[in-house]
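The following paragraphs lead the reader through one protein structure. They begin with a term, pass to the overall form, and then turn to particular strands and residues.

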Amino acid sequence: MNCSQFTPCEGRTEIVDADGRLIWHNDDICMVFVVRDNAPVVLAGLSGYGMRPACELNNEKGAFPIVEVLTSISGRTMNHQRLTDTREGSQLRFVAAYTYERGMRHVLRIDQKDEHSGLLTETEFSMFPGVSAVSCQSRIASERRLPVEAVSSLNLTVPLDAAGGGVDGVEVYWADSTWAAENNWHQAPLREIGLPDINTNINPRVPGARFNLSSRSTWSTGEKLPLGGF
């Protein structure tokens, strides 16, 4: 939609510390965002029930921006097929953060803007007390016409440090679906599904590999379930 303003919101908060970290948490979940003047907001730490709190750890390596926006006129900053490193996403800058309650949910909203294109993004994270889970959604608008191809629904930095694990120990879970054969779950090590170790110590570049699933159906569960796990 064409829009020159963010959705009105009360509860603006100044919770970015001197190190540029915005920490949002309850008794079970801790999320650490990094705010910089020359970069988009990134999710640099995440922890849940039974994990070491992310706010007590260093920022996760390779932290991703909280939202990616792929457009037809700007594409990506890297030449690969992943829906990351989008040029519009990389040009977003922090505007404001809000914390408030919506019913029983606690909500954090982070607003960003690309001054060059006029793109506005509102990313909401919400959680219920006593539940070790977070939902995320992003809304975008623009001050001018902008042909958008894709918007990330969730751009997650996997909390390896908080979980006490490493990349080589990560397993991926996904599920196929069809009539009378729903919830057909699979699992495989991350390294065996097309994401090899390229040794970034001697080859310092952004890996371009990906694990991609898609469905062809008007049903969200037509061929693949729209969810997975690590």
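A salt bridge is understood here as a side-chain nitrogen of Lys or Arg within 4 Å of a carboxyl oxygen of Asp or Glu. By that definition, the side chains of glutamate 143 and lysine 113 form a salt bridge, with 2.8 Å from N to O. The two partners come from distant parts of the chain: glutamate 143 belongs to the loop between β10 (135-142) and β11 (148-151), whereas lysine 113 belongs to strand β8 (residues 105-113), and 30 residues separate them. The model in which this pair is found is a predicted one.

The overall form may be considered next. The protein contains two helices and 13 strands. Its radius of gyration is 18 Å, close to the 17 Å that the globule rule gives for 230 residues, so the protein is as compact as a globular protein of that length. The C-alpha trace spans about 45 × 45 × 40 Å along its principal axes. Of the 230 residues, 37% are buried. The protein exposes about 13,500 Å², and carbon and sulfur atoms supply 50% of this area. Among contacts between residues at least 6 apart in sequence, 48% join residues at least 24 apart.

One part of the strand architecture is an open sheet of four strands, arranged in the order β2-β3-β4-β5 with antiparallel pairing. Strands β2 and β5 (64-65) stand at the edges, and each has a single partner strand, so one side of each is left without a neighbour in the sheet. Following the sheet across from β2, one finds that five bridges join β2 to β3 in an antiparallel arrangement. Leucine 22, for instance, has phenylalanine 33 in β3 as its bridge partner. These two strands are connected by a hairpin of four residues. The pairing of β3 with β4 is also antiparallel and comprises six bridges. Here arginine 36 has alanine 39 in β4 as its bridge partner, and two residues lie between the strands in the hairpin that β3 and β4 form. Strand β4 (residues 39-47) then pairs with β5 in the antiparallel sense over two bridges. In this pairing, valine 42 is matched with proline 65 in β5.

How enclosed is strand β3 (residues 30-36)? Six of its seven residues are buried, so strand β3 is largely enclosed by the rest of the structure.

Two buried polar residues deserve a closer view. Arginine 21 is found in strand β2 (residues 21-25). Its relative accessible area is 15%, and because the limit for a buried residue is under 20%, arginine 21 counts as buried. A polar atom of the arginine 21 side chain lies 3.1 Å from the backbone oxygen of cysteine 55. The side chain of arginine 21 also makes a polar contact of 3.3 Å with the side chain of asparagine 59. Serine 74 is placed in the loop between β6 (69-71) and α1 (87-90). Serine 74 is likewise buried, with a relative accessible area of 18%. Its side chain makes a polar contact of 2.5 Å with the side chain of threonine 71. When residues up to four places away in sequence are set aside, serine 74 touches Arg87 and Glu88.

The account may now return to charged pairs. In the whole structure, 10 salt bridges are found. Lysine 113, introduced above, also meets glutamate 115 in a salt bridge, at 3.9 Å from N to O. The surroundings of these residues can be set side by side: lysine 113 is buried at 16% relative accessibility, glutamate 143 is partly exposed at 39%, and glutamate 115 is exposed at 64%.

A further salt bridge joins the side chains of arginine 191 and aspartate 168, at 2.9 Å from N to O. Arginine 191 lies in the segment after β13 (184-189) and aspartate 168 in the loop between α2 (160-163) and β12 (171-176), so the pair ties together parts that are 23 residues apart in sequence. Arginine 191 is partly exposed, at 31% relative accessibility, and aspartate 168 is exposed, at 59%. Finally, a network of salt bridges links Arg109, Asp111, Glu122 and Arg139.

Definitions and conventions: Residues numbered from 1 in each chain as written. Predicted model: local features only at pLDDT ≥ 70, side-chain atom pairs only at ≥ 80, totals over all residues. Heavy atoms only, no water. Buried < 20%, exposed > 50% of the residue type's maximum accessible area, 1.4 Å probe, protein only. Polar contact = N/O pair within 3.5 Å; in protein donor to acceptor, adjacent residues only side chain to side chain. Contact = heavy atoms within 4.5 Å. Pairing = 2+ DSSP bridges. Rg over C-alpha atoms; globule rule 2.2 N^0.38 Å. Areas by Shrake-Rupley, 256 points an atom, 1.4 Å probe, with all protein chains shown as cover.
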